[in-house]
Amino acid sequence: MQDDKTANVSAFVEKVKRYTEIKELTPAIVNEFIDYIMVSKKEVIDGKTVYPIDIHYNGVGIINAPSAEEYEEMFQERLKQKRSKEEKTA
């Protein structure tokens, strides 16, 4: 089963490499990458109505991307590492 998952991820990565600079999202591209999209029931978060969605990609399932807060945290950590490295070389 693990071999199947590895093969699926490898095939997905090869597809992604073919589309490094997508200028227009076409139905063909969507069909190649997305198996299905599941829209959940409406939720109200901080007074805003949202419809959570899960995008299931062909061969790999759901890919969980970091939230905006997680991206910011990673960015700040990277800045700290860069500054620390610069201080050591100075």
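Gln81 sits in helix 3 of what is a predicted model. With a relative accessible area of 43%, Gln81 is partly exposed, because that label covers values between 20% and 50%. To get a feel for distances here, look from Gln81 over to Glu14: they are 67 residues apart in sequence, and their C-alpha atoms are 31 Å apart in space.

Stay on helix 3 for a moment. The helix runs over residues 68–89, and Glu77 is in it too. Glu77 has a relative accessibility of 40%, so Glu77 also counts as partly exposed. Glu77 has company: together with Glu69, Glu70 and Glu73, Glu77 makes up a patch of negative charge on the surface.

Now over to the sheet. There are 3 strands in it, the sheet is open, and the order is 1-4-5 with antiparallel pairing. Strand 1 and strand 5 (61–62) are at the edges with a single partner strand each, which means one side of each has no neighbour in the sheet. As background, strands in a sheet pair through backbone hydrogen bonds. Strand 4, residues 53–57, pairs with strand 5 in the antiparallel sense over 2 bridges. If you want a spot to zoom in on, try Tyr57, which stands opposite Gly61 of strand 5.

Strand 1 covers residues 34–39 and is home to Ile37. At 47% relative accessible area, Ile37 is partly exposed. On the surface, Ile37 joins Val39, Tyr51 and Ile53 in a nonpolar patch, and together these residues have about 410 Å² of accessible area.

Terms used. Residues are numbered from 1 along each chain as its sequence is written. This is a predicted model: local features need pLDDT of at least 70, side-chain atom pairs count only at pLDDT 80 or more; totals for chains, interfaces and linings use all residues. Side-chain values use heavy atoms; hydrogens and water are left out. Patches are made of residues with over 30% relative accessible area and no salt bridge: like charges are joined within 9 Å, nonpolar side chains (Val, Leu, Ile, Met, Phe, Trp, Tyr) within 5 Å. Accessible areas come from the Shrake-Rupley method with a 1.4 Å probe; for residues, only the protein chains shown count as cover. A salt bridge is a side-chain nitrogen of Lys or Arg within 4 Å of a carboxyl oxygen of Asp or Glu. Lys and Arg count as positive and Asp and Glu as negative; His and the chain ends are not counted. The place of a charge is taken as NZ of Lys, CZ of Arg, CG of Asp or CD of Glu. Helices (H or I, at least four residues) and strands (E, at least two) are DSSP runs, numbered from the N terminus. Buried means under 20% relative accessible area, exposed over 50%, partly exposed in between (1.4 Å probe, protein chains only). Two strands pair if DSSP finds at least two bridges between them.
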